[in-house]
Amino acid sequence: MGKDWWKESALNVPKIVVEPPGPKSKKMHDNTTKYFKGLSGQVKLFPVSFKEGHGITLTDVDNNKYLDFSSGIYVASLGHSHPKIAEAISYWAKTLLNCHDFTHPAKEKLVEKLADILPGNLNGMQFYSDGTSAVEAGIRAARAITGKHEMISAFRDFHGKSMGAVSLAQMARGDVLSYGPTRAPGFYMVPRPDPYRPIFKKEDGSIDTDAYIDFYKTFIHEGTAGNVAAFVLEPAQGWGGSIFPPDDFFPKLRKLCDEQGILLFDDEVLAGMGRTGEWMCLDHWDVVPDIITFGKSFGNGFPVTAMIVKEEYADALEKISASSSYGGNPMACAAALASIEVIEEEQLLENVRRVGAHFMKRMNKMKDEHPIVGDVKGKGFLLGMELVKDKATKEPFEEAGKLVYQKAFRKGLAWIPAGHILRMSPPLIMDEKYADLGLDIIEESIAEVEKEFGYK
Ligand SMILES: Cc1ncc(COP(=O)(O)O)c(C=O)c1O
């Protein structure tokens, strides 16, 4: 098969045969949405209907072929329909669909492989079928480990949509939590460092990580009941717009957690499994968390997620009724195992680091040359470009974000909007040629929007 398995399907991409969303897309969308409600913002902004995905491409029902800068939604990270993963799923679909949480060969191999690639002694594992359930299990595990109940999370992080997970995040305003008492008792949020928009700054205007850590210390003392079980954070903010903290943040937070007897819960559902060029995003800073969650890329599209704790805390998993109906089923474990093997066999961590550096170089040039590109950010293939009305005031340019998203999609780029921050999460197999192709489309769209708004 070889690592070039996707290249043939990428020839001639993008190929737009009818302006999207085309007539078949529209009809299918209208038929479906008569009944199917609650669509995400990205679908509302560009209601296209897909029928196929191969490698780095997606094809809609009007036969338009798109270059994929989204990996579905950070999910099909090794490319759509990867033959090895399709084969693994299909073998178990024909052999053994479900045996609850009894052991089976795919699970045996997966846990051994995970114990091998994860740092430290992160080896008390349980599997789930969505990121939210893994996060929920992590909350329960943190409580069982510590005997404490409070949770601290960060502004603009996202952890899922169940009541526990929404209590960790700011989905609240005008959304789910508006309908009842706000977040669950004992859940608190604090700001986390965003180098482009620092709240705590040094005299020279640069971000002051120590001031954030000092604030957390004060907050734990003054704002909680002294029963904090865990700090729950994304290693880098995915939905928040590919925002990475300064390099000294997580090592300092790890130290604070140790001093305060608080667990560090690292939610790698979006950023983990190679997306940033390391197995775990926290590997960039040599920090080992106490609890970690994986999802999205973990099964390359098959719904499989994991919640993992350090060995010394593994007993806690006996106390939280950890298993579920689908968690760790044979197809799921086989998909996750095959995904890890593909990352190794195709040397994708190396690819992500090399092509990710290429992305950043090109994006920095765009920042220099375009008046509305205020900031560019990212590691590996978790990338963002922040659009502003004015580089001095940094006022977010929401309208431009929406228009650039739609224009680029119309030109054949399937990707993900996030207000004024353009987010890119291409499949990890992508090379420089296709990275440039996608960035060309984005740059052309930005230039058009600048013109429409009177920038020169
Ligand atoms: C960091 C993070 N945690 C948890 C979740 C929830 O995962 P799921 O949508 O699979 O429930 C997401 C989803 O985007 C996420 O980005």
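## Around the ligand

Let's start at the ligand: helix α7 (residues 131–146) supplies the largest share of the shell around the ligand, with three residues. Keep in mind that this is a predicted model. The ligand is surrounded by 14 residues in total, and the closest are G131, T132, G160, V269 and L270.

What is the chemical make-up of this shell, by nonpolar, polar and charged residues? The shell around the ligand holds six polar residues, five nonpolar ones and three that are charged.

## Two helices side by side

Next, take a look at helix α12 (residues 348–369) and helix α14 (residues 432–452), whose axes come within 10 Å and cross at roughly 25°. Angles under 35 degrees count as roughly parallel, and that crossing therefore makes α12 roughly parallel to α14. The α12 and α14 crossing is right-handed.

On the α12 side, the residues in the contact are V355, H358, F359, R362 and M366, and they meet E432, A435, D436, L439 and E443 of α14. Sorted by class, the contact of α12 with α14 brings together five nonpolar, four charged and one polar residue.

## A three-stranded sheet

You can also find an open sheet of three strands here, in the order β11-β12-β14 and with antiparallel pairing. Why do β11 (373–379) and β14 (421–424) each have one side without a neighbour in the sheet? Both stand at the edges with a single partner strand each, so one side of each is left free of a neighbour in the sheet. From one strand to the next, the twist averages 15°.

β11 and strand β12 (residues 382–387) run antiparallel and are joined by six bridges. D375 stands opposite E386 in β12.

Methods:
Residues are numbered from 1 along each chain as its sequence is written. This is a predicted model: local features need pLDDT of at least 70, side-chain atom pairs count only at pLDDT 80 or more; totals for chains, interfaces and linings use all residues. A residue is near a molecule or strand if its C-beta atom, placed from the backbone, lies within 6 Å of it. Helices (H or I, at least four residues) and strands (E, at least two) are DSSP runs, numbered from the N terminus. Ala, Val, Leu, Ile, Met, Phe, Trp, Tyr, Cys and Pro count as nonpolar, Asp, Glu, Lys and Arg as charged, and the others, Gly among them, as polar. Axes are lines fitted to C-alpha atoms, for helices over the stretch in contact, and angles run from 0 to 180 degrees between N-to-C directions. Angles under 35 degrees count as roughly parallel, over 145 as roughly antiparallel, 65 to 115 as roughly perpendicular and the rest as oblique. A crossing is left-handed if the near helix is turned anticlockwise from the far one by less than a right angle, and right-handed if clockwise. Two residues are in contact if their C-beta atoms, placed from the backbone, lie within 7 Å. Two strands pair if DSSP finds at least two bridges between them.
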